[in-house]
Amino acid sequence: LFFRHICVSSSLWKKNLAAAGPQKFTQEFIDKQVEEFEIGKRHLANMMGEDPETFTQEDIDRSIAYLFPSGLFEKRARPVMKHPEEIFPKQTAIQWDAEGRPFHFLFYTGQQSYYSLLHDVYEKILAMERHQDKMRNKGLLTSETKQILLTGSRWLLKEEIEEYLVENISDHDYMRLIQLMEKLLSMPYCSLEEEFILKFRKQLEVQSSKHEIPALQYDPQGVTFSVADGRRKTAKASITLRDSGSGNITINGRNYLHYFPLLQDREQLMFPLHFVGMLGRFDVEGSVEGSGHSAQAGALRLAISRALLSFVSEGDVEKMRQAGLLTADPRIKERKKPGQEGARKKFTWKKR
Amino acid sequence: MNLHKLSSRLCPTVTQKFRHLHIQSSGQQLEAVAMETESTEPNPLSVFRTSEQYPTYHSERHTGQYYTLPPAHIQKLFPHGLPPRFQLQMKTFNEGCVMVRPPVLELISYLKKADYSKPPLRYILYGDIGTGKSMSLSHALHYCYTQGWLIVHIPDAHLWVKNCKELLPSSSRPSRFDQPIQASQWLKNFKITNEGFLSKIKTTQQYVWTKRESTEKGQPLGVLVDQGVNRMKSSSDVVGAVLRELRLQAGGATEGEGAFKLAVAVDGVNALWGKTSLKKEDRTMCEPEELTLIHNLRKMMKNNWSGGAILTALSQTGSLFKPQSAYLPSELLGEEGFDNMEPFVPVSVSNYNEKEFESCYLYYLERNWLQHPHGRSEEGKKELIFLSNKNPSILERLCAFL
C-alpha cells in the first residue's frame with residue numbers, strides 16, 4: 001500500500017485577481033446582453049402600457065425613474081437601463097489568430113488603429129495630388145474649388161479620438177493627427193474627401209444664449225408687466241416688473257431702503273436696471289424668502305434680469321448674458337465631511 | 001486720492017473763509033448789508049440758494065432752497081444742538097446751510113398764528129429714519145430765536161437715559177437719581193443760548209441747596225444757573241428749578257420785566273417715556289421717572305403753563321428697545337407717552353421730493369462734494385436717486401465717499 005499525501009496550502013487556492021487584468025467581455029457575451037436588453041425593453045413597454053415598437057431611450061429613462069425612485073445625489077449611481085454598447089466599455093477583439101500571428105500589419109507598433117488612420121489620411125493626400133496632376137494635364141485645373149464649411153464646428157478632442165480608435169494616444173500623437181488633417185484641408189479638391197473629414201469634426205451649439213423670455217402681460221390699466229423668478233443659495237425670489245414710469249421698489253411689502261439697509265445689497269438690485277439703462281422706468285414688486293441678505297439680493301437680481309428680458313432687445317440680451325446677469329450662481333454651501341470640523345477645516349493636527 | 005480730495009476741498013473754501021471773516025469782523029451792522037449784496041449778485045448756479053436768512057420770511061416759494069445760518073447765530077443758538085453729521089458737514093463746507101422744507105414751513109406758520117395767552121401747543125415731528133426731523137426742529141428753533149424767544153433746547157433726550165457714568169442718589173429726594181455731568185453741561189449751553197434773559201428773569205422763591213448754600217428770592221436767573229454750573233452735586237435740582245421758574249414766568253404770569261415767550265424744544269421725546277439702560281446699585285433697571293432730569297422735563301411737557309410752544313421730534317436711532325421699523329408716534333412714545341402728550345399737533349417729515357433732491361444734488365455739486373466725474377452726469381444722478389431712494393441721510397452718507 002502506498003499513498004502520497006499531497007497537501008496544498010490554502011493560499012494557493014485563492015486566485016490572484018490583480019494579475020488577471022481588466023475583465024474581458026467576449027463578443028458572444030455582449031450579443032447575449034443586447035438580446036436581453038431588447039427583450040427587457042419590450043417587457044418594460046408592456047408594463048408601462050405603451051407600444052413596444054415605438055419605445056425610445058427617453059421613455060426607458062422615464063419609466064426606470066418612475067419604477068425605481070432614487071434619492072441619491074450622484075446621478076451616475078442611480079439605476080440605469082441602457083443599451084449594452086453604452087454600458088460595457090468598448091474593447092478590441094482578439095487581434096491575433098490561433099497560431100499567435102496578428103491580423104493587422106501595424107500590430108507591433110502598439111497603436112495599430114492610430115497609425116492605420118494616419119496611413120489612410122496620407123493615402124488620401126496622395127490620391128488628391130494625383131487627381132490634381134490629372135486635371136492639370138487635361139487643362140481643367142481651376143483654382144477656385146468648393147471649400148468645405150468649417151465654421152460652427154471644431155476638431156474632435158483627444159478623448160473623443162481615443163474613444164473612436166479604442167486606443168490610448170499621447171498628446172503628441174493627437175497633434176500630429178490634427179496637423180495631417182489640416183494639410184489635407186489645405187489642398188485643393190479637398191471637397192472630395194468632405195465626408196471623411198466631417199467624421200472628425202464636431203458641430204458646436206448654434207446659439208449659446210437659449211433663455212426663456214417671460215411673457216409680457218398687460219394690466220387692466222394697460223400697464224405692461226412681467227413676472228420672473230430667481231434663486232441663489234436657498235433664497236427664492238419672485239418679482240413683478242411693471243412699466244409704470246416710477247422707480248419704486250417694494251420687497252415683501254416693505255420699501256427696499258428698509259429691507260436692505262446695506263448699500264451693497266441695493267447696488268446688486270441696481271445692477272441689471274443700470275446696465276440696460278432703464279433705472280427710473282420700472283416699478284418692482286417682489287417677495288423673497290430664505291437664506292441671508294446677500295443671497296436674497298442675488299436672487300432678486302437674477303429675477304429682475306430675467307424679467308427685463310421681455311422689455312429689452314436681442315443685442316442687449318446677449319450683452320446681459322455676457323455680463324453674467326442671467327447665469328444662476330451655482331455656488332452652494334459645501335457639505336461637511338466626517339473626520340473634519342467643517343467642509344475644509346480639519347481637526348487640530350497633533351504630531352504625536 | 002485723499003490728497004486730491006483735500007486740495008479740491010480747500011480751494012473753494014478759501015474764498016468762502018475770507019467772505020465770512022469780512023462779515024464777522026464788522027458785527028451785525030454788516031449782516032443787513034450782506035443780505036442786500038447777496039441778493040444783488042445774481043449767481044446763475046444758486047437756483048437752490050436763497051439769500052433770506054431769517055426764517056420769518058421763508059415761504060412756499062423758498063421750498064427746496066438752501067439758506068445759510070448766520071455763524072453768529074450758530075455759535076449762540078446751537079452750541080450742542082445740531083445733529084453731529086451736520087456739524088461735520090458744516091466744518092467741511094465752512095458754512096451751515098439748511099434746506100427749507102414744507103413741514104417746517106407748516107410748523108412756523110402754526111407758531112405765527114398761535115395764541116400765546118393759552119396753554120402751549122405741542123408739536124411732534126415724526127417720520128422715517130433719516131428724513132430730517134432733527135434738522136427741521138433746528139430750523140424752527142432758529143425762527144424762535146430770531147423772534148427773540150427764550151430757548152430751552154434738549155438736543156437729544158436719549159443721551160440722558162443711557163451711557164451715564166455717574167448716577168448719584170438725589171440730595172433732595174431719596175428715591176430719585178441725579179446726573180450731574182449731563183445737567184451741568186446742559187446748563188452751560190443754556191447759559192450761552194439765553195444770555196440776554198439771564199439778568200432779566202428773577203426767581204420767585206428761595207431755593208436751599210445745602211446747609212450753607214441757598215438762592216434767595218428775587219435773584220436773577222443767571223445766579224441760579226451759575227450755582228448749577230459750579231456745584232455739580234446739585235446741578236440736576238438746579239435744572240428743575242430753572243425749568244419751574246421759566247414755566248411760571250413765561251407769558252408774563254407774574255409781574256416780571258416784560259413777558260417773554262418760551263420755546264421748549266426736545267429731540268428724541270420718546271426717551272422720556274421709554275426705558276433706560278441705566279442700572280441702580282442693586283442692579284435693577286432704572287425707570288425714567290426716577291431720574292430727576294427726566295422727571296422735570298416731563299413736567300415741562302404738560303400744558304399747564306402758558307406763553308410758549310413745545311416743539312418735539314421723535315427719534316428711533318437713539319431709542320432703546322424699539323424696533324427699527326417703528327416711526328409713528330403711537331409706536332415710539334408708547335401708551336404712557338402718548339397719553340401724556342395728547343393732544344398734540346403731528347407734523348410728518350418725509351423723504352425728499354424731486355425738487356428737493358435736485359437742489360440737494362446741485363448744492364453738493366457746487367461745493368465740489370461729488371468728486372467722481374460720473375457723479376456729474378445724468379446717469380450718475382439716476383443712480384444716486386435709486387441707491388438712496390431720496391432719503392436725506394442716506395444720500396449724504398452716499399455722497400460722502402463718492
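Leaving aside the residues within four places in sequence, His153(B) is in contact (heavy atoms within 4.5 Å) with His80(B), Gly81(B), Leu137(B), Leu141(B), Trp186(B) and Ala265(B). His153(B) sits in strand β4 of chain B, which covers residues 150-154, where helices (H or I, at least four residues) and strands (E, at least two) are DSSP runs numbered from the N terminus. With a relative accessible area of 6%, His153(B) is buried; buried means under 20% relative accessible area, exposed over 50%, and partly exposed in between, with a 1.4 Å probe and protein chains only.

The model is predicted, and local features need a pLDDT of at least 70, while side-chain atom pairs count only at pLDDT 80 or more and totals for chains, interfaces and linings use all residues. Residues are numbered from 1 along each chain as its sequence is written, chains are lettered from A and ligands numbered from 1 in the order in which they are written, and side-chain values use heavy atoms, with hydrogens and water left out.

A second buried position in chain B is Pro329(B), at 9% relative accessibility, which lies in helix α12, residues 329-341. Not counting residues up to four places away in sequence, Pro329(B) touches Tyr126(B), Leu314(B), Gly334(B), Phe338(B) and Phe344(B). One of these partners, Tyr126(B), is 203 residues from Pro329(B) in sequence, yet their C-alpha atoms are 6.7 Å apart in space.

Chain B as a whole holds 15 helices and eleven strands, and 53% of its 402 residues count as buried. Of the contacts in chain B between residues at least 6 apart in sequence, 71% join residues at least 24 apart. The chain exposes about 19,400 Å², of which carbon and sulfur atoms supply 54%; accessible areas come from the Shrake-Rupley method with a 1.4 Å probe, and for residues only the protein chains shown count as cover. The average pLDDT of chain B (the predictor's confidence in each residue, from 0 to 100) is 80, and 86% of the residues score at least 70. Over residues 1-42 of chain B, however, the pLDDT is below 50, and this stretch has 29 contacts in the model beyond near neighbours in sequence.

In chain A, helix α6 (residues 158-165) has Lys158(A), Glu160(A), Ile161(A), Glu162(A) and Leu165(A) as buried residues. Their cover includes α5 (112-138), β1 (153-155), α7 (171-186) and β2 (201-203) of chain A. Just after α6(A), Val166(A) takes a positive phi of about 55 degrees. The side chain of Lys158(A) also meets that of Asp171(A) in a salt bridge (3.6 Å, N to O), a term used for a side-chain nitrogen of Lys or Arg within 4 Å of a carboxyl oxygen of Asp or Glu. This pair links distant parts of the chain, with Lys158(A) in helix α6 and Asp171(A) in helix α7, 13 residues apart. Whereas Lys158(A) is buried, Asp171(A) counts as exposed at 55% relative accessibility.

Over all chains the count comes to 34 salt bridges. Among them is the pair Arg76(A) and Glu74(A), at 3.2 Å from N to O, in which Arg76(A) is exposed at 75% relative accessibility and Glu74(A) is partly exposed at 44%. In chain B, Arg49(B), Glu95(B), Glu366(B) and Arg367(B) are linked in a network of salt bridges.

How do the two chains meet? The size of an interface is often given as the accessible area lost when the parts come together. Chain A and chain B bury about 1,200 Å² between them, with 64% of it on carbon and sulfur atoms; this buried area is the accessible area (1.4 Å probe) that two parts lose on being put together, summed over both. The elements of chain A that give two or more residues to the side touching chain B are α9 (256-259) and α10 (263-276), and α10(A) supplies the largest share, seven residues. Altogether, 13 residues of chain A are in contact with 14 residues of chain B. The rule finds zero salt bridges across this interface. For the complex, the predictor gives an ipTM of 0.76 and a pTM of 0.71.
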